[in-house]
Amino acid sequence: MRTLAALAIAGTATLASSRVGVSEMVGPPVTQFTLANGLEVVVISDRRTPVLTHMIWYRVGSADEEPGKSGLAHFLEHLMFKGTAKNPAGRYSDTLARLGGLENAFTSQDYTAYYQRVTRDRLATVMTFEADRMTGLVLTDANVLPERDVVLEERRSRFDNDPGALLGEAAQAALFVNHPYGRPAIGWEHEIRTLDRAEALAFYRRYYAPNNAIVVVAGDVAPEEVRALAEKSYGRIKRRADLKRRARPTEPEPRAHRLVVLSDPRVQQPALSRTYLVPSYRTAKPGESEAFAVLAHVIGSGSLSRLYRALVVEKGIAANVAAAYAGMAFDAGRFAIQASPRPGTSLEQLDAAVDAVIAEVAANGIAAAELERVKTRLVADIVYAQDSQSTLARMYGMGLAIGLTVDQIRAWPDRVRAVNAETVRELARTWLDQRRAVTGHLIKPPAPTEKRS
Amino acid sequence: MIRLLGCIAMTLALVSALPNSAHAAKIERIVTAAGIEIWHVRDHTLPMISVEFAFNGGASQDPADKPGVANLVAALLDEGAGELDARAFRERLEERAIVLAFAANRDTLRGSLKSLVEHREQAFDLLRLALSAPRFDGSEIDRMKAAVLAGLRHRLTSPGDVAGDRWFARAFPGHPYGRPLHGSLDSVPRITADDLRSFHRRTIARSNLKIATVGAIEAKDLAALIDRVFGALPAQANLAAVPDVAPQGMGEREVVELDLPQTVINFGGPGLKRADPDFIPAYVLNHILGGGSFSSRLYKEVREKRGLAYSVYSHLAPLKHAGLFLGGVSTRNDRVVESLALISEEIRRLASEGSTPEELADAKGYLIGSYALRFDTSGKVAGQLLEIQLENLGIDYIDRRNALIEAVSTNDVRRAAARFLADSSLLVTLVGRPNLAPSPPRGG
């Protein structure tokens, strides 16, 4: 029997202590290796509970689809549950369920990931099934067509039933004028309707290969054991020689502030969004992305943030407001602000108040205390994240899938600590420029008004 | 400001292990000097502490004419306390990255505290202030009301929220469970500081408190901190009696017209309460019907075979004063009739024919095998220990639980089916533009 405390965590990082003094920040050991066929494997040890999380990340997402085929990457993700030559429909999921495994999958613009959460003794089973469906998928119209209806229902649930989500989709389309990030990952409805079996299989054969994938295993398992099991399963698959490097059309320098208005009688609570085109973790200069994360926190995370103090507390014109840096992308990142007005406040007033806060930060920067407070929180959040093996697995899988290295991911807290106030001010001044932005207004159509004389 | 208790008398019993024999983390049952019981798992892997706690009461203690009080209290406990106004309080939390959150549900008001171990003194001290001396300042009440009202306006057009709210309103007329958890556009503006103070005085006490903790702290140190926080609370809560109740409106349908392409449907009826001897068999049976894997009958029939929905599910919801069986599906407006007929048929078939031995074995395999996955983070472990206390299942429940599932027989399942699936007339709420005209099922 193991005890929790006896399992010492290796790889203690000695990090310069900020005021919070996370003097003994520990991180789990992370091991990385590559199989002969090009499959990358990352093992994150978390030996507290005899369970593990297995994920496979393919470096392909909706931004890799051909024009006119939006939604294909996500549709294929659904179809990956339809069985293989060796394991007919249902066998993988039913076996997993019988063992008490949890599974699911998700698709973004840059990656498609499948995961299973099982007790530690089931890793071999999972890897065998998962390796099998990397190349063995069998599709028939009988299971493809109902699944396309499922995806259309998913689209209705997530978007068509929700005016706020429709506005987000429209704003995203307006932000990216040339890059495929402008298309929703789930696809446009009229294009989803046309996707078929042959297209899904062609996409699958083109992108699903060991040298286009990353396997992440987090949990109660030793790296050597993972390596042996990976060799026996994934290791038998041939690499794909004709895999091309990702090269999507890039965005021109944005010059026009865009306003997107979604007017829908369903809207009872109006909302404002503002999204700026900014560098991502992969495309930014060293240290810049971390400074964006700090900037997002300073202006829009929690009730001490600049936007919250100004719009909610002092002016009393918003019910809530938040900002976030969406930097985990292969190509461009986004910096987003969202706010809900209180009754009696127009979205134009809210827009102006948001701009005033940004202008203030761009002109005068942020206070040392603010910087310190936010760094403390960001670094502590990494300690908290280490409590969850599935969070860690996602963090590393996503990072690698968009082109970061394990070392870059591990060093994130150090780089957050190194952010200085001047960089933050400079970012606000350079990038939070209306010409780089789309403003979104979610409104109810104005009631017919009486003619005033 | 910090009052240290002198000598800590403490009884400590090492009682139970977390699931799976490979795991040796022990749950310690600690009774503090002030007589407060804590279930604790000592874990030094990470330099942090997680505390999960709950006060029985929750929104069912809202004044009948003012739903939303519990929700607003939860929103305001960490918005200024003692000498600290809202801003100063938040600054104290943020400076040390202490995460404190409160939430109310129908039966409890819950809190959760997460802190780096080096800041435990400050973290527990802020928690003590939040629980024993919340300020409920007028400006903060107005601010939180504005946020709640914005949320309520948003809910009006969120079909899932509307379907759920209408289901409970219709199932529990005149009972606290029928009132909206977050209040209404009418009730929230009328809530006063006195309402909040009165709710706080009546429901935040030691007699209705349960606590679970996980983290890098020894029992002795933890007990002292817990007494400092919770020892200051009144001994006795003064809760209004909430009657046990069965859901009404079986066989009824309510349509809320909202211009949507997809109808969101909630259905449900009487289920079993957690203490019911048939709860475990019923839980296994529901897993076969609509539980959380890709193998349930509803998933296979409604989603996989016919593509009628992305989401279809059922679950048992054992509230303190009512056992419920609930489910949902979201489907295109013109396929509502077909989807509902299919779900009714699956319920009827399972009730009359029972499950196959294979299905039963598979369901047990899933429920037993996946249990350990509920214990893989500190927060989840603390959450599970809290839940077990609230349900009065006993500190050895984690050890017994998988054997209880394993012991479920075909007969047990059949008996459970007769208890909650046999009368398949359910209360159904539909939000959207459902086409309810009977029509032949369409293909593809």
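Begin by selecting strand E12 of chain B: Leu427(B), Thr429(B) and Val431(B) point one way from the strand, Val428(B), Leu430(B) and Gly432(B) point the other way, and all are buried. The model on display is a predicted one. Six of the six residues of E12(B), which spans residues 427–432, are buried, so the strand is largely enclosed by the rest of the structure.

**The sheet around E12(B)**

Extend the selection to the partners of this strand. Strand E8 of chain B, residues 253–257, pairs with E12(B) in the parallel sense over five bridges. Strand E9 of chain B, residues 262–270, pairs with E12(B) in the antiparallel sense, also over five bridges. Thr429(B) is a useful residue on which to centre the view: it is the bridge partner of Glu254(B), and it is likewise the bridge partner of Asn266(B). At Leu427(B), the residue standing opposite is Gly268(B).

Now display the whole sheet. It is an open sheet of five strands in the order E8-E12-E9-E11-E10 (chain B), and its pairing is mixed. The edges are formed by E8(B) and by strand E10 of chain B (312–318), each of which pairs on one side only. From one strand to the next, the twist averages 15°.

Two helices should be added to this view. Helix H9 of chain B, residues 279–290, packs on the sheet and touches E10(B) and strand E11 (323–332) of chain B; its direction makes about 165° with that of E10(B). Helix H5 of chain B, residues 159–171, lies across E8, E9 and E12 of chain B and runs at about 150° to E12(B).

**Chain B as a whole**

Zoom out to chain B. The chain contains 15 helices and 12 strands. Its radius of gyration is 23 Å, close to the 22 Å that the globule rule gives for 444 residues, so chain B is as compact as a globular protein of that length. Along the principal axes, its C-alpha atoms fill a box of roughly 75 × 55 × 35 Å. Of its 444 residues, 55% count as buried. Among contacts between residues at least 6 apart in sequence, 81% join residues at least 24 apart.

**Ser378(B)**

Select Ser378(B) next, in helix H13 (residues 378–390) of chain B. Is Ser378(B) buried or exposed? It has 26 C-beta neighbours inside 10 Å, and residues with 20 or more count as buried, so Ser378(B) is buried. Leaving aside neighbours within four places in sequence, its contacts are Asp43(B), Met48(B), Ser50(B), Val214(B) and Gly215(B), together with Asp387(A) from the other chain. For a distance to display, take Glu121(B): it lies 257 residues from Ser378(B) in sequence and 19 Å away in space, C-alpha to C-alpha.

**Where the chains meet**

Colour the contact between the chains, to which chain A and chain B each give 62 residues. On the side of chain A that touches chain B, the elements giving two or more residues are helix H2 (91–98), strand E5 (112–119), helix H4 (141–160), helix H10 (306–314), strand E9 (318–326) and helix H12 (368–385). The largest share of that side, 10 residues, comes from H4(A). By residue class, the same side divides into 26 nonpolar, 19 polar and 17 charged.

**The sheet of chain A**

Move to the sheet that includes E9(A). Its five strands form an open sheet in the order E7-E11-E8-E10-E9 (chain A), with mixed pairing. Strand E7 (258–263) and E9 of chain A stand at the edges with a single partner strand each, so one side of each has no neighbour in the sheet. Neighbouring strands are turned by 15° against each other on average, direction ignored.

E9(A) pairs with E10(A) in the antiparallel sense over eight bridges; within this pair, Ala318(A) has Pro341(A) in E10(A) as its bridge partner. H9(A) packs on the sheet, touching E8, E9 and E10 of chain A, and its direction makes about 175° with that of E9(A). Chain B also contributes here: its helix H4 (residues 138–155) lies across E9 and E10 of chain A at about 75° to E9(A).

**Helix H16(A)**

Finish with helix H16 of chain A, residues 421–431, in which Val424(A), Leu427(A), Ala428(A) and Trp431(A) are buried. Seen down the helix axis, the buried residues fall within an arc of 100°, so they line one face of H16(A). On the other side, Glu422(A) and Thr430(A) are exposed. The buried residues pack against strand E8 (271–278), helix H9 (288–300), strand E10 (333–341) and helix H11 (347–364) of chain A.

Key
Residues are numbered from 1 along each chain as its sequence is written. Chains are lettered from A and ligands numbered from 1 in the order in which they are written. This is a predicted model: local features need pLDDT of at least 70, side-chain atom pairs count only at pLDDT 80 or more; totals for chains, interfaces and linings use all residues. Two residues are in contact if their C-beta atoms, placed from the backbone, lie within 7 Å. Helices (H or I, at least four residues) and strands (E, at least two) are DSSP runs, numbered from the N terminus. Ala, Val, Leu, Ile, Met, Phe, Trp, Tyr, Cys and Pro count as nonpolar, Asp, Glu, Lys and Arg as charged, and the others, Gly among them, as polar. The radius of gyration is taken over C-alpha atoms; the globule rule is 2.2 Å times the number of residues to the power 0.38. A residue is buried if 20 or more other C-beta atoms lie within 10 Å of its own, exposed if 12 or fewer, and partly exposed in between; C-beta atoms are placed from the backbone. The arc is that of the directions from the helix axis to the C-beta atoms. Two strands pair if DSSP finds at least two bridges between them. Axes are lines fitted to C-alpha atoms, for helices over the stretch in contact, and angles run from 0 to 180 degrees between N-to-C directions.
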